[in-house]
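These are my notebook entries on a structure that I had not examined before. I record each point in the order in which I looked it up.

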Amino acid sequence: MMSESNAEKMMTPEPERDSERFKMIDGRLEEIEKQVRAIARAEERRSEPDSLGLDDIVQELVGAVTFALPFLFTSELWDVAKEISLWRAFAIFLLTMGIAYGLIAKSRIGNIRAEEVFHVPKRLITVSIISYTVSAGMIYLYGINRLAEFTLPQYLSATVITSTFAIVGAIAVDMVK
C-alpha cells in the first residue's frame, strides 16, 4: 500500500526536475527567437533595393557575352553591318540606349536602387561600357573583322548591331535575381 507521504510526493513533482525542464525550454525558446530575428533581418535585406556592385557587373558581363555570342557568328549580321551607313548605326545606337534606359530607369523590373551620375543611371553606363567593349572585343578576338573583311565604319556598325543583343542580355541577367 501507499503511504500518505509517498502519495504526496507523487502528486507534486520534484522542483529540481521542473526547474531543469524550464531551463531547457527557456534555452530552446531563446534559440528560436534568435532564428526568427535572423530570418527577419534577411527578409529586410532582401526587400531593400540592390545597389550596383561587383556581383551586378559580373552578371552584366555574363549576360552580354551570352546574348551577343550567337549573333556574332551569323553572316547575316556581317552583311547588315557592311550595308548600313554610320548614320543608321548611330540611329540603332540611340534606339538601343533608349530601350536600355527605359528598362533600367523607368520599368519596375527587378529591385534595384536608383543610382545616377549626372542624371544618367549608373547601370546604363556600366551596361553600355560592358556591352560595347564585349562586342568589339569578340569581333576582334574571333577574327570576324578579318573574315568578313570589315572596314573601320563596318567594324563600328557590326559592334553597334552586336551590342544591341549584348545590352538586352546584360540588363536581363542583371535585373533577374
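**Entry 1: Ile32 and its surroundings.** I began with Ile32, which has a relative accessible area of 43% and is therefore partly exposed, since that value falls between the 20% limit for buried and the 50% limit for exposed. I note that the model is a predicted one. I located Ile32 in helix 2, which covers residues 15-47. I then asked which residues make the nonpolar surface patch of about 480 Å². I found Phe22, Ile25, Leu29, Ile32 and Val36. With 43% relative accessible area, Ile32 passes the patch requirement of over 30%, which is why a partly exposed residue can belong there.

**Entry 2: the chain as a whole.** I counted eight helices and two strands. Following the sequence, I read the order α-α-α-α-α-β-β-α-α-α. The chain has 177 residues, and 29% of them count as buried. For the accessible surface of the chain I noted about 12400 Å², with 64% of it belonging to carbon and sulfur atoms. I also looked at contacts with a separation of 6 or more, and 80% of these are accounted for by residues 24 or more positions apart.

**Entry 3: the nonpolar core.** In soluble globular proteins, nonpolar side chains tend to be buried together. I therefore turned to the largest nonpolar core, which has 30 residues. Which of its members touch the most others? They are Ile139, Phe150, Ile167 and Ile171. At least two residues of this core come from each of helix 3 (54-72), helix 4 (75-83), helix 5 (86-106), helix 6 (122-141) and helix 8 (152-175). Helix 8 gives the most, with nine residues.

**Entry 4: Ile167 and Ser131.** I listed the contacts of Ile167, leaving out residues up to four places away in sequence, and obtained Thr96, Met97, Ala100, Val127, Ser131 and Tyr132. I followed one of these, Ser131, which is found in helix 6. Is Ser131 buried or exposed? Its relative accessibility is 0%, under the 20% limit, so I entered Ser131 as buried. Apart from neighbours within four places in sequence, Ser131 is in contact with Ala64, Ser163, Ala166, Ile167 and Ala170.

**Entry 5: aromatic rings.** I found four aromatic pairs in the structure. One of them joins Phe73 and Tyr142 edge-to-face, at 5.0 Å centre to centre and with 75° between the planes. This pair links distant parts of the chain, as its residues are 69 residues apart. Phe73 is in the loop between helix 3 and helix 4, and Tyr142 is in the loop between helix 6 and helix 7. I checked the accessibility of each partner: Phe73 is partly exposed at 43%, and Tyr142 is partly exposed at 44%. I also recorded one aromatic cluster, formed by Phe90, Phe93 and Tyr132. Tyr132 had already appeared in my notes among the contacts of Ile167.

**Entry 6: the backbone at Glu149.** Most residues other than glycine have a negative phi. Glu149 is not a glycine, yet I noted a positive phi of about 55° for it. Where is Glu149 found? I placed Glu149 in the loop between helix 7 (144-147) and helix 8. Its relative accessibility is 63%, over the 50% limit, so Glu149 counts as exposed.

Key: Residues numbered from 1 in each chain as written. Predicted model: local features only at pLDDT ≥ 70, side-chain atom pairs only at ≥ 80, totals over all residues. Heavy atoms only, no water. Patch = residues over 30% accessible without salt bridge, like charges linked within 9 Å, V, L, I, M, F, W, Y side chains within 5 Å. Areas by Shrake-Rupley, 256 points an atom, 1.4 Å probe, with all protein chains shown as cover. Salt bridge = Lys/Arg side-chain N within 4 Å of Asp/Glu carboxyl O. Helix = DSSP H or I, 4+ residues; strand = E, 2+ residues; numbered from the N terminus. Buried < 20%, exposed > 50% of the residue type's maximum accessible area, 1.4 Å probe, protein only. Core = buried A, V, L, I, M, F, W, Y, C linked by side-chain atoms within 4.5 Å. Contact = heavy atoms within 4.5 Å. Phe/Tyr/Trp six-rings, centres within 6.5 Å; stacked < 30°, edge-to-face > 60°.
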